[in-house]
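Subject: A structure for you to explore

Hi there,

Here is the structure I promised to pass on to you. Have a look at it first, and then read on for what turned up in it.

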Amino acid sequence: MSNLDKSNPDQQLPDAVPVAKSDDEWRRELTPDEYRVLRQAGTERPFTGEYWDSREEGVYACRACGAELFASGQKFDAHCGWPSFWAPLAEGSVRYLRDSALGMERIEVRCASCDSHLGHVFEGEGFGTPTDQRYCINSVSLSLRPAR
Ligand SMILES: [Zn+2]
């Protein structure tokens with residue numbers, strides 16, 4: 001089963017993603033919480049994830065496929081209850097989709113490697129970061145690889 005809306009071209013899956021697994025495979029490999037967020041675009045409750053206030057140095061990889069997505073150097077404290085970054089590790093490591101769910105126009109952020117949901121990106125909030133963008137990412141979508 002897919003929850004993609006075929007009438008909205010923005011919601012189409014790309015022709016090929018490097019990591020393409022069936023829904024059953026994802027369901028087996030991920031915990032229920034991971035599956036709900038990563039594969040069903042769910043959102044963890046704020047201030048509950050393991051990384052929202054983490055200041056540990058390292059690289060944040062996709063919990064589903066292991067692709068490196070964000071780095072602690074671009075993490076900042078937005079007091080919003082989710083890990084927040086002002087830029088991805090590299091442009092191209094994530095992809096963007098228009099999300100009109102819940103009556104809001106938002107930009108969804110997905111892993112470019114496996115198309116899993118990560119969170120949303122907001123702009124112009126005045127956080128004083130180099131980009132004035134806030135990648136608001138679910139902790140459960142990420143796995144921190146600490147710097148050694
Ligand atoms: Zn991924």
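Before we start on the strands, one term: two strands are said to pair if DSSP finds at least two bridges between them. Keep in mind, too, that the model you are looking at is predicted.

**The overall layout**

The chain contains two helices and nine strands. If you follow the sequence from its start, the elements come in the pattern α-α-β-β-β-β-β-β-β-β-β. Of the 148 residues, 32% count as buried. Among contacts between residues at least 6 apart in sequence, 57% join residues at least 24 apart.

**Strands 6, 7 and 8**

Strand 6 (106-111) and strand 7 (117-123) run antiparallel and are joined by four bridges. One place to look is Glu 108, whose bridge partner in strand 7 is His 120. The two strands make a hairpin, with five residues between them. Within that turn you will find Asp 115, which has a positive phi of about 65° although it is not a glycine. Is Asp 115 buried or exposed? It counts as buried, because it has 20 C-beta neighbours inside 10 Å, and 20 or more is what the cut-off asks for.

Strand 7 also pairs with strand 8 (133-137), again in the antiparallel sense, this time over five bridges. Here Glu 123 has Gln 133 in strand 8 as its bridge partner. The loop between strand 7 and strand 8 holds Asp 132, another residue that has a positive phi, about 55°, without being a glycine. Asp 132 is partly exposed, as 13 other C-beta atoms lie within 10 Å of it.

Why is strand 7 described as largely enclosed by the rest of the structure? Five of its seven residues are buried, so the surroundings enclose most of the strand.

**An open sheet of three strands**

Another group to find is an open sheet in which three strands lie in the order 2-1-9, with antiparallel pairing. Its edge strands are strand 2 (68-71) and strand 9 (142-146), each of which pairs on one side only. On average, neighbouring strands in this sheet are turned by 35° against each other, direction ignored. Strand 1 (residues 58-62) and strand 2 pair over three bridges, and Tyr 60 has Phe 70 in strand 2 as its bridge partner.

As background, strands of a sheet pair through backbone hydrogen bonds, either parallel or antiparallel.

**The nonpolar core**

The largest nonpolar core has 25 residues, and those touching the most other members are Leu 69, Cys 111, Tyr 135 and Ile 137. Two or more residues each come from helix 2 (32-39), strand 1, strand 2, strand 6, strand 7 and strand 8. Leu 69 is a good one to click on: leaving out residues up to four places away in sequence, its contacts include Tyr 60, Ala 61, Pro 88, Leu 89, Cys 111 and Leu 118. A general point fits in here: in soluble globular proteins, nonpolar side chains tend to be buried together.

**Helix 2**

Which residues of helix 2 are buried? They are Glu 34, Val 37, Leu 38 and Arg 39. These four lie on the same side of helix 2, because they cover an arc of only 165° around the axis. Among the elements that cover them are helix 1 (23-29) and strand 7. After helix 2 comes Ala 41, with a positive phi near 55°.

**One loop residue to end on**

Asn 138 sits in the loop between strand 8 and strand 9. Although it is in a loop, Asn 138 counts as buried, with 29 C-beta neighbours inside 10 Å. Setting aside neighbours within four places in sequence, Asn 138 is in contact with Val 37, Thr 43, Glu 44, Gly 49, Trp 82, Leu 118 and Gly 119. Try finding Trp 52 as well: 86 residues separate it from Asn 138 along the chain, yet their C-alpha atoms are 8.3 Å apart.

Enjoy exploring it, and write back with any questions.

Best wishes

Methods
Residues numbered from 1 in each chain as written. Predicted model: local features only at pLDDT ≥ 70, side-chain atom pairs only at ≥ 80, totals over all residues. Axes fitted to C-alpha atoms, helices over the stretch in contact; angles between N-to-C directions. Buried ≥ 20, exposed ≤ 12 C-beta atoms within 10 Å, placed from the backbone. Contact = placed C-beta atoms within 7 Å. Core = buried A, V, L, I, M, F, W, Y, C linked by C-beta atoms within 7 Å. Arc of directions from axis to C-beta.
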